[in-house]
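Trainee: I would like to go through this model and test each label against its rule. Where do we start?

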Amino acid sequence: MSNTRQKIKKVVLLGLDGATFRMIDPMIAAGLLPNFARLKREGVWGPLRSNIHPITPSAWASISTGLNPGKHGVFDFRTLERANYHLRFVTGNDRKGDAIWKVLGEHGLRSGVVNVPLTYPPEPIAGFMVSGMDAPDGETEWSYPA
């Protein structure tokens, strides 16, 4: 097993919400993003198709789980509570389906998840998690481990 584990390469998935190559490529050409130029030159890149209704919570839940919004259940920043018809903010608890970091952990691999939307509250994973933009202010745990 140790020989196999040594052959596993590290992978970094960098997601930029709302950034497209139509915006990034001209800045690379102008020399404004040398690190992006290097990542593009030496890494693997490509455009992704978003969800229909391409909105942050829904798209990130799809990226994290590989499921479409109808399966993971996240459609917007807020959801309606059926019992009282109040709107509340969506959190990681609303996302159905296993996220990639959970699947990787089940296969003995570690993950570092930083600032991904819909990761509050942070879930115990093989590795670490720092919750994304949906983490509330104040005296609450927004990372795992604490």
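Mentor: With the largest pocket, in what is a predicted model. H3 gives the largest share of its lining, 6 residues.

Trainee: How much space lies in the largest pocket, and which residues are closest to its centre?

Mentor: About 1,300 Å³ of space lies there. The lining has 34 residues, and Leu14, Gly15, Leu16, Gly46 and Leu48 are the closest to the centre. Helix H2 (21–29), H3 and helix H4 (56–65) are the elements that give two or more residues.

Trainee: What makes a residue such as Gly15 part of a lining?

Mentor: The cut-off is an atom within 4 Å of a pocket point. Gly15 is among the 34 residues that line the largest pocket, so it has such an atom.

Trainee: How does that lining divide by class?

Mentor: It has 19 nonpolar, 10 polar and 5 charged residues. Gly counts as polar here, so Gly15 and Gly46 fall in the polar class.

Trainee: And what lines the second largest pocket?

Mentor: Its volume is about 870 Å³. There are 27 lining residues, with Val11, Val12, Leu13, Ser111 and Gly112 nearest the centre. H4, H6 and S3 each give two or more residues. S3 gives the most, 6 residues. By class, this lining has 17 nonpolar, 5 polar and 5 charged residues.

Trainee: S3 is also a sheet strand. What is the strand order in that sheet?

Mentor: The order is S3-S4-S5, in an open sheet of 3 strands with mixed pairing.

Trainee: Why are strand S3 (111–116) and strand S5 (143–144) called edge strands?

Mentor: Each pairs on one side only.

Trainee: How do you know that S4 and S5 count as paired?

Mentor: Pairing needs at least two bridges. S4 and S5 have 2 bridges, in the antiparallel sense, so they pair. One of the partners is Ser143 in S5, bridged to Val130.

Trainee: And what makes S3 and S4 a pair?

Mentor: They share 5 bridges, in the parallel sense. The rule asks for at least two, so they pair as well. Val116 has Ser131 in S4 as its bridge partner, and Val114 stands opposite Val130.

Trainee: Which residues of S4 lie on its covered face, and which on its uncovered one?

Mentor: Gly127, Met129 and Ser131 are on the covered face, Phe128 and Val130 on the uncovered one.

Trainee: Now salt bridges. Why is the contact between Arg88 and Asp94 called one?

Mentor: The limit is 4 Å between a side-chain nitrogen of Lys or Arg and a carboxyl oxygen of Asp or Glu. Here the closest N and O atoms are 2.7 Å apart, so the contact qualifies. By this rule the count comes to 7 salt bridges. Arg88 and Asp94 also belong to a network with Glu81.

Trainee: Is Asp94 buried or exposed?

Mentor: Its relative accessible area is 18%, and buried means under 20%, so Asp94 is buried. Arg88 has 29%, so it is partly exposed.

Trainee: How do you know that Arg95 and Glu123 form a salt bridge?

Mentor: Their N to O distance is 3.1 Å, within 4 Å, so the rule is met. The pair links distant parts of the chain, 28 residues apart. Arg95 is buried, at 11% relative accessibility.

Trainee: And what makes Glu42 exposed?

Mentor: It stands at 55%, and the cut-off is over 50%, so Glu42 is exposed. Glu42 forms a salt bridge with Arg38, at 3.3 Å. The two are 4 residues apart in H3, so about one helical turn separates them.

Definitions and conventions:
Residues numbered from 1 in each chain as written. Predicted model: local features only at pLDDT ≥ 70, side-chain atom pairs only at ≥ 80, totals over all residues. Heavy atoms only, no water. Buried < 20%, exposed > 50% of the residue type's maximum accessible area, 1.4 Å probe, protein only. 1 Å grid on protein atoms, 1.4 Å probe; cavity = no way out; pocket = protein on both sides within 12 Å on 5 of 7 lines; lining within 4 Å. Points joined across faces, edges and corners; volume = space filled by probe spheres on them.
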